[in-house]
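Morning, everyone. Let me put the structure up, and then we'll walk through it together.

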Amino acid sequence: MPGKLKAKIVAGRHLPVMDRASDLTDAFVEVKFGNTTFKTDVCPKSLNPQWNSEWFKFEVDDEDLQDEPLQITVLDHDTYSANDAIGKVYIDIDPLLCTEAASIISGWFPIYDTIHGIRGEINVLVKVELFNDLNRFRQSSCGVKFFCTTSIPYSYRAVMVHGFVEELVVNEDPEYQWIDRIRTPRASNEARQRLISLMSGELQRKIGLKVLEMGGNAVVGYLQCFDLEGESGLVVRAIGTACTLEKFSSGSASITCPHPSTAPPSNACNSPKDGKELVFGEELPLSSGPPTPFRALPSSSSSPPPFSPSKPCSRQSSSSDTDLSLTPKTGMGSGGSAGKEAGPLKTLLRQQTQTTLEQREFPFFTLTSFPPGFLVHVGGVVSARSVKLLDRIHNPALGNARSYKLLDWNSVTADEPETRDAWWEEIRQEIKSHAKALGCHAVVGYSENTSICEEVCILSASGTAAILNPRYMREGCLDVGSIDHRFDDPSPPNCGFCHIPYDELNMPFPAQLAYCYQCRRQKVPDVLFTTIDLPAEAAVTGKGCLIQARLCRLKKKAQGEVNATAISNLLPFMEYELHTQLMNKLKLRSMNALFGLHIQISVGENMLLGLASATGVYLTALPAPGGIQIAGKTPGDLNNEQHVAAIQKRINDAIAKNKELYQINPPELTDEGVGSPIPEPRQRSRIFRSHSESSDELSELDLSHGKKDAFVLEIDDTDAVEDIHSLLTDAPPPAGFHSCSTETMPGIYNWTSGIQMFTSVRVLRLNNTNLTNQGLNKIFTDLCENLLKSFYFKLRSTVPCCLCHLNFTVAVPEEELVQVSVTAVAMTFDKDQNQEKPPEKATTKGGSETEDQLQFPLELSADSSSTSPQPSKISGVAENTIVSTRVSSLEHCSPLPEGRSRSLCSSRSFGVGSVTMVKMTPLSFLPGTRIIKYLGIINMFFIRETTSLREEGGVSGFLHSFIAEVFAMVRAHVAALGGNAVVSYSMKDCVLMENPNKNQAQCLINVSGDAVICVRETDQEQTTNTGQTCGTIDGAT
Amino acid sequence: MAVELDVFVGNTTIMDEEVYQLWLDGYTVNDAVRARMEGGVLDEFDATADVLLSDTMDQYRTFQMCERLLHSPAKLANQLLFQIPPHRQTMLIERYYAFDDVFVREVLGKKLSKGTKKDLDDISAKTGVTLKSCRRQFDNFKRIFKVVEELKGPLVENIRQHFLLSDKLARDYAAIVFFANNRFETGKKKLQYITFQDFAFCAGQLINNWTVGAVGEGLWLLPLANMDVDLDKEFLQELKELKVLITDKDLLDQHKSLVCTALRGKTKAFNEMEANFKNLSRGLVNIATKLTNTKDVRDFFIDLVEKFIEPCRSDRWTAADVKLYLTHYTNSAHILDTFKHQVVWDRYMGVIKSCIFKMYHD
């Protein structure tokens, strides 16, 4: 009996009228935990009832405390008929189980009904008394802290990073049970919400147990996802990085966590990491794990040929096995020489780290930013995909005949998770082998996701292959001697991560190497793709920008294995094309590296959608990207040559303008001055865009690789011409705006405190049934571009600002629908210190199309000459625009003290004061503030359904209010925990189903984040005091 | 290809004041988009009409969802659905309860009933205010009327506290409520030249001087519901006593000579003043004595115009003339030995004087 949960129902307000006759409501409340239920008295005839109940006490196992939510149901008492439910509140009490997190939950919660939405609010107090339980065989993992944040949280120090933890639980979906035919939609939705709440509680507990086994006390970068597999069930899975964290004493924390915006601009990185830099100055040894020497080169045999030449630095492959071809691909076992014969230093590095890292089954880290020195080298992106058939795992035990009981999954589905586990295991093995092929022993910035359409499921995993510092790997190695090791490290700290981890004589793929432009000692690749945030120490020239590749591919409708095979066959082509697009767009912007790369491939009945987003930057350490040269394929034709020249000029102009726009002025003179052994005409790679995808073309491509003098994009069909056009018409953000997919924008450091988080969803219906791939591409590209334009327009009053962490999610909810959801945050920054130059449109639209081919040469000189004439005239115009549109109206959030005290007022006496302002951000920090306390993880799942779609303003009206309600519920929970902000917020799922003919719609949303208390940099002392007084007041109530 | 769904939701609710105004003014989405385009947002910021449409739709949806809350502004502050910074909340409320003077002028003094609501399309056509906006304004009047009707205490203060309005707006609403309650006639042709602001001023005078609440603090304790909304019955009864000023021939002559002595040589219109004194005095005193009848209360303003303002205007008195005349007319009554009703006289004339000053213009 290791826990006592206590709940008190104080009051309600703004309740809906339940009795039409009196225009009033006779409300009472049921409080349920596990199988115990308490009731309050009925508060007759009031829309603002005051129950002021006794403390309801539940004596429960801590295992249940972790799994179960506290369920509060508000009902209208009816003497003659059944009581009507007004709505429910689910409270996750997990944050109370951690001594360091919240101590009480107290506040107003929206009363939520899955059919009517929010219907009034209820004031609740919840406390937990935990008894110590030293039972070794316990099933609970109370006390393990969870963080969504993908870096070491502020005010914590990582004593140990233990590594990858994963778990998944499966259950049948209540929506697909026989009972669903006879129960109301409300009952069905509530069963689902409750089930998912239970499942995620269980999942978290199980992961917690694994962490305790590993000797850790926290999970960082916790990523939980739902797979709604329909008939075959409901999967909740999670991955994370187990750590041992240690909290700073309050004094030292204030010193070691500088304000992001005060970070020195000279340090070319985003500032929040600076805070952590100091944190990690101490020591961060990595624990050991079991060895799994697995060395394999994923050869191109598993993926079609177009791959190899296109990817200087990122390694992606798609495993295309349906259940038909579950056998390991030939690639998995072959090769393997790449990493072995590295130079002596590298070998040493690897050997040291292997001893510890290899003991681990999966040396994966879900973190995306690291303490300095942690990351030694970055190899490139590794990704793996696999197509699975869900109907294969139909379990007879789950047949419809079974009676419905919510908690049954433990007994029935015992063997089911194993199927999924095996699938993920397979993918992870592949990722691991890719990393090996890149000469790396670890994968960082690791994430997994799925896309499901009917019975087909694409599993994807991706990460960045990396070598981690051996000193962090050594067991038991704490502070002593760590400094020596730093000196052992051959590369200077700020460019080291760019240096290739693999052996240059035996590269895993063709790439052009050059000596590092910073240290001149080590080799670097010409382009670097990663899924992580820009390392704190990295030197960047100019500013970064959002780079997106978008792609649609039609596919025939099919069933079962045929369908899965068709998808498998398409995947590699999609990856290839996405990659080509990214590469071209990167070059057009004169940049040489991508960070935060996220590639999503989504499957629909008749098409596949691919969307890759990343932040492009110019890494000072890497060579300048090539320019673009155009040559006709038929040199004799004069017409063609003129046209080629015209396009060449436009492309050169575009590059020049982009250089100006992003302030990319690499110190070219010094390059020549220091001279050093850069092999002058660098090796050229060639991307060959074939006219058709016939096999002989493809083989030509392999032959031509490496021999041509330029980066070639040979184009002579409409498809390819369109690529060029989309390249040129991708509009840069308007004056005063920046955008990126990473946490912060490289090149901007002086953030001010204004933030505006938003979620936007757009669904397009494709009426035209005869769409071609090109037509679809255009539509999809326009959809994404228009969304961005809308954001810029809506946020125009906040310039100068940067849209950070632009996270696009695509889905094909129905045959002719394309859905894009975006969550991002607009952050203002101080323009004056920033000396940014006004942006300008890339180019005007191109001339005539079709006839010719384009070539993109790597010639540096060519484009630098064309850079100069452009910029001056642009600036004046754009400057005006900035001035005239700037009317600051971002949220001027009240700082913690007022808001907090106000919420207390309102929680104690009804009707007084306003609501605590709760900031939300997808980032791990809030500019201008310091996080002083993490209150626990927020992980909420909501269903909303309507049978009066028209009355609610159509689908848009329906979803608009639902998203607003979700925000409101997240804010209320955070405020009740005593917090004033959510960091690392994300909307994992937004599944919308509609049937306008029946006037119905249903939507599922899953959100997560970390509830925190943050204080303004300036008034930390004062607010800490306030926080304490708040605490005592809370206690008194 | 069609946009099936398009939403944008900010954690802090994003509201554009310009769009809010268009919404309040009853523009349809398409009209609003057109108006915004003409307003030059697109020139200021490089955007297409699609972007504008999408933005306008989002905002309209937000406003529609907020409207329910705006009906009881106190809820806006402690609701959880929309996170709106306090200063924005104030703006939303103030703008929502703002009204068009042309519109309010039409319904001023009318019963705020369903019947009047049916006439709104005519009023809309006449004033050029969209029907939607008319409805909102009318419903606002009605809502505030209903709430304060039940409340004790000073009218303006009640309105300000319950609807969180600015002082100015609260006063205007007090005037509207006061007019609606007493059903003052304002629609006659002769009264057309009087603006809402004139009436609002007069209403303020009446509320402050002629109602029960106006008399003093002590009366606040009385369990009277509408101290500020209803005229002080006792006072109206007392006004009958003023009749002596016109019925007593001596008193009338004495009053006239006193006024004329004071005015002589001070104005060009002296002759007209002297000639009209008895008429004008009869007019004003008759208004006073008749105020016990509800019907005559309704005609208060029309009587003022007919009995006093029009005669003066036809004699081409200037505003200064009117002021001079009324000042002396009021003060001279104090010198009359036999006139005993000084207090009532002052309470009456103080209001009459300021109302006439306000109403005496073209």
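How many of the 23 residues of H21(A) are buried? The count is 22, so to speak of H21(A) as mostly covered is fair under a cut-off of 20% relative accessible area. Keep in mind that this is a predicted model.

Let's stay with that helix. H21(A) covers residues 954–976. Does its length add up, or what should we expect? At 1.5 Å a residue, the 23 residues of H21(A) should span 33 Å. The end C-alpha atoms are 33 Å apart, so expectation and model agree.

Now look just past the helix. Gly978(A) comes right after H21(A), with a positive phi of about 95 degrees. Then there is Gly979(A), in the loop between H21 and S31 of chain A. Gly979(A) is buried, because its relative accessible area is 2%. What does Gly979(A) touch, leaving out residues up to four places away in sequence? The partners are Thr916(A), Leu935(A), Val974(A), Val1012(A) and Ile1013(A). One distance as well: Gly979(A) and Lys919(A) are 60 residues apart in sequence, and their C-alpha atoms are 9.6 Å apart in space.

Next, the cores. The largest nonpolar core holds 244 residues. Ile122(A), Leu619(A), Tyr325(B) and Tyr348(B) touch the most other members. Which element gives the most to this core? H21(A) does, with 14 residues. In general, nonpolar side chains tend to be buried together in soluble globular proteins.

Take Tyr348(B) from that list. Not counting residues up to four places away in sequence, Tyr348(B) touches Trp210(B), Phe235(B), Leu239(B), Leu242(B), Leu284(B), Ile287(B), Ala288(B) and Leu291(B). Apart from the largest core lies another one, of 41 residues. Its members include Leu787(A), Ala826(A), Val41(B) and Val51(B).

While we are in chain B, look at Ser281(B), in helix H18, residues 270–290. Is Ser281(B) buried or exposed? Buried, because its relative accessibility is 0%. Beyond its neighbours within four places in sequence, Ser281(B) is in contact with Ile246(B), Leu252(B) and Tyr329(B). Glu18(B) is another matter: Ser281(B) and Glu18(B) are 263 residues apart in sequence and 52 Å apart in space, C-alpha to C-alpha.

On to empty space. The largest cavity has a volume of about 470 Å³. Its lining has 35 residues, and the closest to the centre are Tyr90(A), Asp92(A), Ser197(A), Asn939(A) and Met940(A). Which element supplies the largest share of that lining? H2(A), with seven residues. H21 of chain A is back here too, among the elements that supply at least two residues, and so is S30. By type, the lining splits into 18 nonpolar, 11 polar and six charged residues.

Then the second largest pocket, with about 1,300 Å³ of space. It is lined by 42 residues, and the closest to its centre come from both chains: Ile118(A), Arg119(A), Gly120(A), Arg68(B) and Leu69(B). Strands S8 and S30 and helix H21 of chain A each give two or more residues to that lining, as do helices H4 and H5 of chain B. The lining has 15 nonpolar, 17 polar and 10 charged residues.

A few backbone points before we stop. Most residues other than glycine have a negative phi, and most peptide bonds are trans. Where are the exceptions worth a look? Ser984(A), not a glycine, has a positive phi of about 50 degrees. Ser984(A) sits in strand S31 of chain A, and it is buried because its relative accessible area is 9%. Glu454(A) also has a positive phi, of about 55 degrees. Glu454(A) is in the loop between strands S15 and S16 of chain A. Is Glu454(A) buried or exposed? Exposed, because its relative accessible area is 56%.

And the peptide bond from Val799(A) to Pro800(A) is cis, with omega near -5 degrees. Pro800(A) lies in the loop between helix H17 and strand S27 of chain A.

Last, chain A overall. Its secondary structure comes to 22 helices and 32 strands. Of its 1037 residues, 66% are buried. Among contacts between residues at least 6 apart in sequence, 81% join residues at least 24 apart.

Key
Residues are numbered from 1 along each chain as its sequence is written. Chains are lettered from A and ligands numbered from 1 in the order in which they are written. This is a predicted model: local features need pLDDT of at least 70, side-chain atom pairs count only at pLDDT 80 or more; totals for chains, interfaces and linings use all residues. Side-chain values use heavy atoms; hydrogens and water are left out. On a 1 Å grid over the protein atoms alone, a cavity is a set of points where a 1.4 Å probe fits but cannot get out, and a pocket is an open set with protein on both sides within 12 Å along at least five of seven lines; lining residues have an atom within 4 Å of a point. Grid points are joined across faces, edges and corners, and a volume is the space filled by probe spheres set on the points. Helices (H or I, at least four residues) and strands (E, at least two) are DSSP runs, numbered from the N terminus. Ala, Val, Leu, Ile, Met, Phe, Trp, Tyr, Cys and Pro count as nonpolar, Asp, Glu, Lys and Arg as charged, and the others, Gly among them, as polar. A nonpolar core is a set of buried Ala, Val, Leu, Ile, Met, Phe, Trp, Tyr and Cys residues joined through side-chain atoms within 4.5 Å. Buried means under 20% relative accessible area, exposed over 50%, partly exposed in between (1.4 Å probe, protein chains only). Contact means heavy atoms within 4.5 Å. The expected span of a helix is 1.5 Å times one less than its number of residues.
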